[in-house]
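Visitor: Please take me for a close look at the hollow spaces here, and at the helix packing that goes with them. I'd like to follow it residue by residue where I can.

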Amino acid sequence: MTAVRSPIHGQWSSRLAFILAATGSAVGLGNIWKFPYTAGENGGGAFVLVYLLCVALIGIPVMISEVLLGRRGRRSPINTMRELAGEERAPGPWFLLGWLGVVAGVLILSFYSVIAGWALGYLVRAASGAFTGIDAEGSAAMFAGLIGDPERLLAWHTVFMVLTVVIVARGVKSGLERAVTIMMPALLLIMVGLFVYAMGTPGFSEGVNYLFAFDMSAIVNRPETVLDAMGQAFFTLSLGMGAIMIYGSYLPKQASIPQTVVVIALADTLVALLAGMVIFPIVFSNGLAPGSGPGLVFETLPLAFGQMDFGVAIASAFFLLLALAALTSAISIIEPLVAWLVENRGMSRVLAAATAGIVIWLLGIGSLLSFNILAEYTVFFGRTFFDALDFLTSNIMLPLGGLLIALFAAWMMSRSSTEEELAVTERTRGAYNVWRFLVRYVTPVGVGLVLLYGLIQ
Ligand code: PHE
């Protein structure tokens with residue numbers, strides 16, 4: 001019964017390489033850009049609590065399932081699902097789960113690249129000393145200037161997509177593995193440094209309190225908070241669209257999946273919480289509004305950088321690392337489609353990466369225009385094109401994908417298959433049973449209810 005498929009796009013050289021790559025995928029704009037602004041829009045603490053619960057009770061078990069499916073299938077998510085469905089005698093249409101992920105990936109990367117472009121634009125501003133002595137109004141004006149200029153946004157979006165395509169075209173191993181080894185620790189170091197700075201600001205305790213004080217009324221007043229928090233958990237952990245599945249397909253057989261996943265989830269959560277504990281103290285110290293939306297990080301951090309010693313160097317390093325963190329996520333978002341084009345369309349990796357890149361680049365133009373020319377144009381319940389894509393992918397498609405992944409691992413695969421893939425021993429049987437219970441019952445019921453509720457709203 002043992003599946004002996006070998007990976008066809010290469011393999012990570014070690015468990016550590018997988019941890020770094022998957023952490024590179026998880027840690028990105030979701031942690032530093034999206035987490036603070038979504039928390040801010042949802043009033044802080046209540047959102048954070050639900051988000052943390054979702055990471056622990058749903059995110060980690062689903063991530064274990066997604067890596068498990070990937071490593072067992074050893075193909076692009078579409079073909080992995082096809083193979084596994086056949087092997088486990090599950091209904092054929094399960095392969096559509098792979099397609100759901102590919103479509104979600106195309107949609108996500110189209111706007112993700114635009115935001116990553118903001119980070120690139122800010123890198124230039126940081127390096128030229130534009131933040132020095134800036135005040136809250138100046139900072140807001142600088143941000144408005146950037147997003148109000150479609151040509152500049154298009155230029156940065158293009159640069160970012162080209163970088164993504166070039167790395168993906170070169171294959172998994174050579175570029176990527178090495179890059180993440182250096183970048184991830186550097187990013188963490190700067191975040192800790194910024195945290196130390198934030199501790200010295202007058203708004204520190206207010207900021208931290210905002211982030212961690214659980215206030216039930218926030219949820220009662222805005223029940224969508226729960227959907228936002230769940231969506232954030234899936235988005236930040238890169239779950240539900242096949243990115244983690246395909247990275248799992250490059251994982252060597254000996255590596256322990258559960259331990260690896262816990263390390264990745266903890267690292268990701270740590271970066272998000274650090275980002276929050278940097279941003280909100282600066283927000284409150286400068287009398288800014290926490291709920292100001294996607295510009296939050298870009299409007300607040302320059303205030304801090306503009307005041308500190310070596311601010312130009314630190315700010316430049318920060319935006320460089322933010323762009324790089326986005327890049328290590330972007331390559332994982334595009335990889336399922338690229339792998340499928342190679343497997344099923346006989347394309348070379350280079351052609352596959354370029355094809356996927358062009359489609360995504362075109363779609364991204366819609367998002368970048370929704371910050372200026374098309375800002376008044378709403379496509380989906382009063383949302384701009386960008387907001388609609390973000391909502392549809394993070395809050396609907398990723399949770400749905402994650403739910404289906406959990407259902408497949410828990411109900412379609414035989415117990416012996418999952419036990420084998422997770423290398424369960426007498427010592428780890430208890431933990432296995434906890435995982436199985438969570439994916440069998442807690443994930444489907446939890447995600448199902450929140451999704452249903454969200455759709456009714
Ligand atoms: N996890 C990434 C981030 O937080 C985004 C991402 C989503 C990556 C889905 C892969 C898949 O920035």
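Guide: Happy to. A cavity, as the word is used here, is a set of grid points where a 1.4 Å probe fits but cannot get out, whereas a pocket is an open set. Please keep in mind that this is a predicted model.

Let's begin with the closed spaces. The structure holds three cavities of 30 Å³ or more. The largest cavity has a volume of about 140 Å³. Its lining counts 16 residues, and Ser25, Tyr112, Phe235, Ser238 and Ile333 are the closest to its centre. Five helices each give two or more residues to this lining: α1 (15–26), α2, α5 (95–127), α11 and α15 (311–345). Of these, α15 gives the most, with three residues. By class, the lining of this cavity has eight nonpolar and eight polar residues, and no charged ones.

Now for the open spaces. The largest pocket has a volume of about 560 Å³. It is lined by 22 residues, with Arg222, Asp228, Arg383, Phe391 and Asn395 the closest to its centre. The elements that give two or more residues to this lining are α2 (29–41), α11 (224–236), α17 (385–412) and α19 (429–456). The largest share comes from α17, which gives six residues. You may have spotted α2 and α11 among the helices of the largest cavity; both also help to line the largest pocket. The class make-up is another matter: the lining of the cavity has no charged residues, while that of the largest pocket has eight charged, five polar and nine nonpolar.

The second largest pocket has a volume of about 400 Å³. Pro258, Gln259, Thr428, Ala431 and Tyr432 are the closest to its centre, out of 19 residues in the lining. Here the elements with two or more residues are α3 (45–73), α13 and α19. With five residues, α19 gives the most. In this lining 14 residues are nonpolar, four are polar and one is charged.

Two of those helices, α3 and α13, also pack on each other. Their axes come within 9 Å and cross at roughly 145 degrees, and α3 passes α13 in a right-handed crossing. On the α3 side the contact uses Val48, Tyr51, Leu52, Val55, Ile60, Met63, Ile64, Val67, Leu68 and Arg71, and on the α13 side Ile257, Pro258, Val261, Val262, Ile264, Ala265, Asp268, Thr269, Ala272 and Leu273. This contact has 17 nonpolar residues, one polar and two charged. Pro258 therefore plays two parts, as one of the residues closest to the centre of the second largest pocket and as a member of the contact with α3.

Finally, follow α13 to another partner. The axes of α9 (residues 204–212) and α13 (residues 257–285) come within 7 Å and cross at roughly 130 degrees, which means that α9 is oblique to α13. This crossing, too, is right-handed. From α9 come Phe204, Glu206, Gly207, Val208, Tyr210, Leu211 and Phe212, and they meet Leu273, Gly276, Met277, Phe280, Pro281 and Phe284 of α13. These residues divide into ten nonpolar, two polar and one charged. Leu273 is worth a click in your viewer: this residue of α13 meets α9 and also belongs to the contact with α3.

Key: Residues are numbered from 1 along each chain as its sequence is written. This is a predicted model: local features need pLDDT of at least 70, side-chain atom pairs count only at pLDDT 80 or more; totals for chains, interfaces and linings use all residues. Side-chain values use heavy atoms; hydrogens and water are left out. Axes are lines fitted to C-alpha atoms, for helices over the stretch in contact, and angles run from 0 to 180 degrees between N-to-C directions. Helices (H or I, at least four residues) and strands (E, at least two) are DSSP runs, numbered from the N terminus. Angles under 35 degrees count as roughly parallel, over 145 as roughly antiparallel, 65 to 115 as roughly perpendicular and the rest as oblique. A crossing is left-handed if the near helix is turned anticlockwise from the far one by less than a right angle, and right-handed if clockwise. Contact means heavy atoms within 4.5 Å. Ala, Val, Leu, Ile, Met, Phe, Trp, Tyr, Cys and Pro count as nonpolar, Asp, Glu, Lys and Arg as charged, and the others, Gly among them, as polar. On a 1 Å grid over the protein atoms alone, a cavity is a set of points where a 1.4 Å probe fits but cannot get out, and a pocket is an open set with protein on both sides within 12 Å along at least five of seven lines; lining residues have an atom within 4 Å of a point. Grid points are joined across faces, edges and corners, and a volume is the space filled by probe spheres set on the points.
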